[in-house]
Amino acid sequence: MSEPFRFLHGSDFRLDQPMRNLVAIPAHLRATIADAPYTAATRFFDLALTEAVDFVLLAGNLFESELGSCRPAAFLLHQFERLREKGIQVFWAAGETDHPDRWPTGVELPDNVVTFTASVIEEATFQRRGKQLATVVGAGYDSRRNTTSDFMVESTAPWPVALTCGGIDSGTSLAKNIRYWAVGGGHVPSVTERTATVLVRSGTPQGRGQGESGARGCHLVRVDATGTSRVQFHELDAVRWLPQQLAIAENASVEDIQNLLGERGLKLLGDHPERLLLVSWHLATSGAFEPE
């Protein structure tokens with residue numbers, strides 16, 4: 001038996017990547033939508049604090065370090081400091097676009113942040129009161145890595161976690177002994193159960209356009225005293241694209257269509273509170289459709 005713990009897994013904040021098709025959006029909504037990636041990322045860190053997690057896993061692509069923008073770095077530094085004040089550790093693996101080793105010169109990361117570059121697979125630990133409860137084997141994105149065999153850990157290591165970005169999907173053969181695979185580098189969240197392990201791709205917390213419709217968020221993981229984990233998806237997106245299809249009867253009137261749209265719209269608002277919905281409607285007609 002061991003002590004229970006919990007952690008939060010996220011990735012692909014893509015803070016520098018703008019929202020798409022803002023020109024077609026009403027002017028009074030553009031600022032809210034443009035800032036949605038930061039709103040969703042803030043919700044991620046708020047959730048870590050609200051749930052009082054023990055540590056956070058960040059699986060890459062948080063921002064584009066090549067652009068040299070100050071805002072993403074300042075934002076992350078503030079969030080890392082918030083976690084440090086509550087004793088929450090951060091494990092951050094480099095993605096395709098973000099490189100912790102290229103963090104702005106002269107701006108030191110807080111001591112609660114452990115980073116993993118693409119060049120080598122490294123091992124770190126999470127400890128509570130001097131007792132090691134989890135082992136994190138991490139590496140950043142590497143296009144040449146096509147196997148998980150290097151993510152090796154001793155069978156006696158406390159609750160091993162693999163943290164990386166890209167190169168692993170549901171069909172990949174996984175290295176032994178790892179209890180949880182935290183993977184970044186994709187937009188869509190997914191959870192794949194395997195024997196004695198689980199492969200989780202957290203996806204982005206905020207979709208950027210109609211091609212990234214539906215819920216976006218992160219995964220909260222609770223590990224009990226027996227080492228059994230429970231993975232729970234949490235929605236974080238501030239703006240959500242929702243394509244909708246309505247079946248229209250052949251003899252439907254304009255009033256009928258308006259009523260259908262109104263009823264569906266009210267239901268969507270009730271089902272998706274606290275977020276802005278951008279809905280595209282497809283009206284599927286049958287027969288010789290001629291609205292009266």
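**Salt bridges, aromatic pairs and a pocket**

Glu 3 has a relative accessible area of 21%, so this residue is partly exposed. The buried class ends at 20%, and Glu 3, at 21%, is therefore partly exposed rather than buried. The model described here is predicted.

Salt bridges were searched for across the whole structure, and 13 were found. One of them involves Glu 3. The side chain of Glu 3 meets that of Arg 129, with N and O 3.2 Å apart. Glu 3 sits in the segment before β1 (5-10), while Arg 129 sits in the loop between β5 (122-128) and β6 (131-138), so the salt bridge ties together parts that are 126 residues apart in sequence. Arg 129 has a relative accessibility of 71% and therefore counts as exposed. The pair also belongs to a network of salt bridges that links Glu 3, Asp 54, Arg 128 and Arg 129.

A salt bridge also joins Arg 222 and Glu 51, whose closest N and O atoms are 3.3 Å apart. This pair, too, links distant parts of the chain: Arg 222 belongs to strand β11 (residues 217-223) and Glu 51 to the loop between α2 and β2, 171 residues apart. Glu 51 has a relative accessibility of 18%, so this residue counts as buried.

The loop between α2 (36-50) and β2 (55-58) also holds Ala 52. Ala 52 has 52% relative accessibility and so counts as exposed. The C-alpha atom of Ala 52 lies 8.0 Å from that of Ile 88, although the two residues are 36 residues apart along the chain.

Within helix α3, Arg 84 and Glu 81 are 3 residues apart, so about one helical turn separates them. Their side chains form a salt bridge with an N to O distance of 2.9 Å. Arg 84 is partly exposed, at 39% relative accessibility. Glu 81 is partly exposed as well, at 26%.

Aromatic rings were examined next. The count comes to 18 aromatic pairs. In one pair, the ring centres of Phe 44 and Phe 45 are 5.1 Å apart and the planes meet at 90 degrees, so the arrangement is edge-to-face. Phe 44 is buried, with 0% relative accessibility. Phe 45 is likewise buried, at 0%.

Phe 80 and Trp 92 form a further pair, with ring centres 6.0 Å apart and planes at 50 degrees, so the pair is tilted. An angle over 60 degrees would be needed for edge-to-face. Phe 80 comes from helix α3 (residues 70-85) and Trp 92 from strand β3 (residues 89-93), so their pairing ties together parts that are 12 residues apart in sequence. Both Phe 80 and Trp 92 are buried.

These residues belong to one aromatic cluster, formed by Phe 13, Tyr 38, Phe 44, Phe 45, Phe 63, Phe 75, Phe 80 and Trp 92. A charged side chain lies over one of these rings. Arg 71 lies over the face of Tyr 38, at 3.6 Å from the ring centre.

Pockets were examined last. The largest pocket holds about 150 Å³ of space. Its lining includes Ser 2, Glu 3 and Phe 5, together with Trp 159, Arg 179 and Asp 224. Among the other lining residues are Gln 132, Leu 133 and Pro 158. The lining divides into 5 nonpolar, 4 polar and 3 charged residues. Glu 3 thus appears both in the pocket lining and in the salt bridge with Arg 129.

Definitions and conventions
Residues numbered from 1 in each chain as written. Predicted model: local features only at pLDDT ≥ 70, side-chain atom pairs only at ≥ 80, totals over all residues. Heavy atoms only, no water. Phe/Tyr/Trp six-rings, centres within 6.5 Å; stacked < 30°, edge-to-face > 60°. Buried < 20%, exposed > 50% of the residue type's maximum accessible area, 1.4 Å probe, protein only. Helix = DSSP H or I, 4+ residues; strand = E, 2+ residues; numbered from the N terminus. Lys NZ or Arg CZ within 6 Å of the ring centre and 35° of its normal. 1 Å grid on protein atoms, 1.4 Å probe; cavity = no way out; pocket = protein on both sides within 12 Å on 5 of 7 lines; lining within 4 Å. Points joined across faces, edges and corners; volume = space filled by probe spheres on them. Nonpolar A, V, L, I, M, F, W, Y, C, P; charged D, E, K, R; others polar. Salt bridge = Lys/Arg side-chain N within 4 Å of Asp/Glu carboxyl O.
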